[in-house]
Amino acid sequence: MAPNKKIVDEVPGWIRVFEDGTVDRTWTGTPEMEPLLKPVSPHEEFINGVAVRDQIIDPKTGLAVRIYVPEMKSNVQTKAKIPLILHLHGGGYCICQPDWSLYYHFCTRLVSSVQAVLVSVYFRLAPEHRLPVAVEDSYAALLWLRANARGELSDQWLTSYADFNRVFLVGDSSGGNLVHQVAAQAGFDDIEPLKLRGGIAIQPGFISDKPSKSYLEIPENPLSTREMMKKFTSLAVPIGSTGEHPIVWPIGPQAPPLTTLKLPPMLVVVAEMDLLRDYELEYCEEMKKAGKEVEVFMNHGMSHSFQFNKLAIDMDPEIATQTNKMIEVIVTFINRS
């Protein structure tokens, strides 16, 4: 960082925005976090049962995806097609990448457990690209899957492995918001022959200007503070918008009524000690009132994004158990849909 560059906004540890509009996302927080944020290179050979490849899908914008395929288990017919997951990462629309170690380990585990193809989107980040760009890029990735399903494109891994009749959206934190938005847009569009069978929002980043009980009372942790959530929201929404922006708060007054949306069955995974817990539960209640199919699973005693801390999972039996339960619920949801 040049010493004469003035910081005009920041989320400590994560992101610094300079007066000239440039952004620095170099991690400056605790060293313990660094291994989780390091990129993992793709490998087209199977390592621990999974192969990984990066692919540019729109040369004009540079939009890319990371594709995971599992090594087929012996009890799975080799010619049988397997579910297709479109994965949308979290990070408050401002940070994170699909190749970060924390996502690599979670996605490889999910792919192996479900036996599914997973496509994770390198959508453009705010504040350089404010909302709705993350939604537009995520939906562009869904349309890329549609083009492959229609034979307009032919990605070898997709055409070899993916069942385009069993597509699922999966996203954590702000990626859970993207799951809702992409599913809603797909409901108004012709995505045939893709069949969107379900959406899975893991600790979705729903938040409004009105503080909830959990937001006010649950203790913060270094990776989930009220100031961090407020700041990421302000950096992500269009200039002049508020926390009631419909992407951030999809059941607020600015959002389209849920009754007008055609949504697939949804699984919402909630962490009991998440500041955003009550917002997530309110969303689920409003979805049910609107006649939508929603399943809620609660990880008791856990905080926001606990499932990504591989070191904690390896050392703490309870965190490992709760992560296992999360994966099991997701596998069950996908297998029955």
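## Around helix α2 and its sheet

In helix α2, the buried residues are Ser101, Leu102, Tyr103, Tyr104, Phe106, Cys107, Thr108, Leu110, Val111 and Val114. That makes α2 a mostly covered helix, with 10 of its 14 residues buried. Please keep in mind as you read that this is a predicted model. The briefing below starts with the sheet that α2 packs on, then moves to strand β7, the helices and the cysteines.

**The sheet**

- Nine strands form an open sheet with mixed pairing, and their order is β4-β5-β6-β8-β7-β9-β10-β11-β12.
- The edges belong to β4 (43-47) and β12 (294-299); each has a single partner strand, so one side of each has no neighbour in the sheet.
- On average, neighbouring strands of this sheet are turned by 20° against each other, with direction ignored.
- Strands β5 (residues 50-58) and β6 (residues 63-70) run antiparallel and are joined by eight bridges.
- Within this pair, Asp54 has Arg66 of β6 standing opposite.
- As general background, strands of a sheet pair through backbone hydrogen bonds, in either a parallel or an antiparallel way.

**Strand β7 and its partners**

- How many residues of β7 are buried? Seven of its seven residues are, so to speak, under cover.
- On one pairing, β7 and β9 run in the parallel sense over six bridges, and Leu88 has Gly171 in β9 as its bridge partner.
- β7 is also joined to β8 by four bridges, again with the strands running parallel; here Leu84 has Val117 in β8 as its bridge partner.
- Which hand does the β-α-β crossover from β7 to β8 have? The chain passes from β7 through α2 to β8, and the crossover is right-handed.

**Helices on the sheet**

- Helix α2 (residues 101-114) packs on the sheet and touches β4, β5, β6, β7 (82-88), β8 (117-122), β9 (162-172) and β10 (196-202).
- The direction of α2 makes about 45° with that of β6.
- The 14 residues of α2 should span 20 Å at 1.5 Å a residue, and its end C-alpha atoms are 20 Å apart, in agreement with that value.
- After α2 comes Gln115, which has a positive phi near 60°.
- Helix α5 (residues 174-187) lies across β7, β9, β10 and β11 (266-271), and runs at about 140° to β9.

**Helix α3**

- For helix α3 (residues 133-149), 17 residues at 1.5 Å a residue should span 24 Å, and the end C-alpha atoms are indeed 24 Å apart.
- α3 is mostly covered too, with 13 of its 17 residues buried.
- Gly151 follows α3 and has a positive phi, near 80°.

**Cysteines**

- How many disulfides are there? With a cut-off of 2.5 Å between cysteine sulfur atoms, the count comes to zero.
- Why does Cys107 have no bond to Cys96? The closest cysteine sulfur to that of Cys107 is in Cys96, and at 12 Å it is too far for a bond.
- Cys107 counts as buried because its relative accessibility is 1%, against a limit of under 20%.
- Cys284 also counts as buried, at 1% relative accessibility.

Key. Residues numbered from 1 in each chain as written. Predicted model: local features only at pLDDT ≥ 70, side-chain atom pairs only at ≥ 80, totals over all residues. Heavy atoms only, no water. Buried < 20%, exposed > 50% of the residue type's maximum accessible area, 1.4 Å probe, protein only. Helix = DSSP H or I, 4+ residues; strand = E, 2+ residues; numbered from the N terminus. Expected span 1.5 Å × (residues − 1). Pairing = 2+ DSSP bridges. Axes fitted to C-alpha atoms, helices over the stretch in contact; angles between N-to-C directions. Contact = heavy atoms within 4.5 Å. Right-handed = clockwise from strand over helix to strand, strands pointing away.
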